[in-house]
Amino acid sequence: MFRKVLVANRGEIALRVLRACKELGIRTVAVYSTADADSLPVRLADEAVCIGPPAPRLSYLNVPNIIGAALKTGADAIHPGYGFLSEDPYFAEICADNGITFVGPPPEVMEHLGDKSTARKLMQDAGLPLLPGTVSPIVSAEEALALADEIGYPVVLKASAGGGGRGITVVQRREDLPEAVRATRASAQALFKDAAIYLEKYLTGARHIEVQVMADDYGTVVHLGERDCSVQRRKQKLIEESPSPVVDADLRARIGQAAVDGARSVGYRGAGTMEFLLDGEGRFWFMEMNARIQVEHPVTEMVTGVDLVREQLRVAAGEPMSLRQETIDLRGHAIECRINAENTTAGFAPTPGRLDRFDVPGGPWVRLDTHCLTGSRVPPYYDSLIAKLIVWGPDRDAALDRMARALDEFQIEGRGVHTTIELHRRVLEHPEFRAGSVTTQFLDQYLSGNGTPP
């Protein structure tokens, strides 16, 4: 096992990794920007190193400064969390060049999966079902038009290097496709420094189902059930639950085996997530694989009892996983609500500021992953996530009731600070969500005034 791990991230995921390390007896190093100098991860780590000013490119994306901090403190591994450098194969290679273990999959695997069109081709070869579309980047608007004519509208254009719900354009009509190709390419170049895009059929009325996988260096690949992430705003997840209310044991076995087959086919190692679209007839299609720990991993931990970050560290250290497929048992139901510092009535605009009141919920089977306290400041430079509220219940109804109670207890106040708590309350009361019948269009339709008001 590692002697000392540097956590190349901030916020709640940095704290989550630090805690897992400490329970394993591993010393920890937090890196931080000047905006996070007083943060909880900095206070709780064994050592802390400032790596630059607030702008991410000068601190949390500053590879020389992070590698320098690891070498200076004698860290023998780096855990990247999610976001920032977590899926950067070149960063993983630089870690290896400096004799530091990157806690994640091999760089070549990340490189293949990071290019979404390449990933589609690899998963097609592995036998996973794909929606009709391209498995290589489209080269012209004429090619896109010909393919869309063949598979029918609507279609969706996606950045090959995309992620996090960005670089995606849904096209409903043929006359809009050429301009959408141009605009999506420009967006992909600006967001990901790669203008390559691909096209596939857009599935309306679908659910977003993802499968957690873990793999080690000894040929063991397992899945830990699915998460339903259908409640999204602007293609970014807001509520996650496990298991999905529409996935039965047979479907779970089939989609789980597909995820295992896909991960095994590319030589995956560590924690990863296979994302699928699911229609109302139980048919599913591969979307992409995320080569990192996910924001929503706690709901899987709550229903399986498995510490995924601990397993990540064990695998990265070259130890065999403690998991076997036959020993993974899903018990009860877990739900996660992302508490963001955002104004939900102003297009989810971030609302940074000081948290003058931060009263957290408690009680049995309530988990709060946060780096905030009363007096903390939400800086304007980073993601607006300030907490993840996760609850468990013996069944979905009990978990929903518990979440509603926990949301009522959660009090956050600060000048100019808004949160998503009230929106979560309303979603939980909505009859469609309560019945487990929402699709990925649910929240956008409701917020645009086209859905059924709660």
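**Chatting about a pocket and two cores**

Me: Hi! How much space lies in the second largest pocket?
Reply: About 290 Å³. A pocket here is an open set of points on a 1 Å grid over the protein atoms alone, where a 1.4 Å probe fits, with protein on both sides within 12 Å along at least five of seven lines. The volume is the space filled by probe spheres set on the points, which are joined across faces, edges and corners.

Me: Which residues are closest to its centre?
Reply: Ala35, Asp38, Ser39, Ser376 and Arg377, out of 18 that line the pocket; lining residues have an atom within 4 Å of a point. Domain 1 (4-103) and domain 3 (207-448) each give at least three lining residues, with bounds from an automatic or database domain assignment.

Me: Is this a predicted model, or what is it?
Reply: It's predicted: local features need pLDDT of at least 70, side-chain atom pairs count only at pLDDT 80 or more, and totals for chains, interfaces and linings use all residues. Residues are numbered from 1 along each chain as its sequence is written, and side-chain values use heavy atoms, leaving out hydrogens and water.

Me: New topic: where does Arg252 lie?
Reply: In helix H9 (residues 249-265); helices are DSSP runs (H or I, at least four residues) numbered from the N terminus.

Me: And what does Arg252 touch?
Reply: Leaving aside residues up to four places away in sequence, Arg252 touches His223, Glu226, Pro243, Val247 and Leu330. Contact means heavy atoms within 4.5 Å.

Me: How far is Arg252 from Thr419?
Reply: Their C-alpha atoms are separated by 34 Å, with the two residues 167 apart along the chain.

Notes. Helix = DSSP H or I, 4+ residues; strand = E, 2+ residues; numbered from the N terminus.
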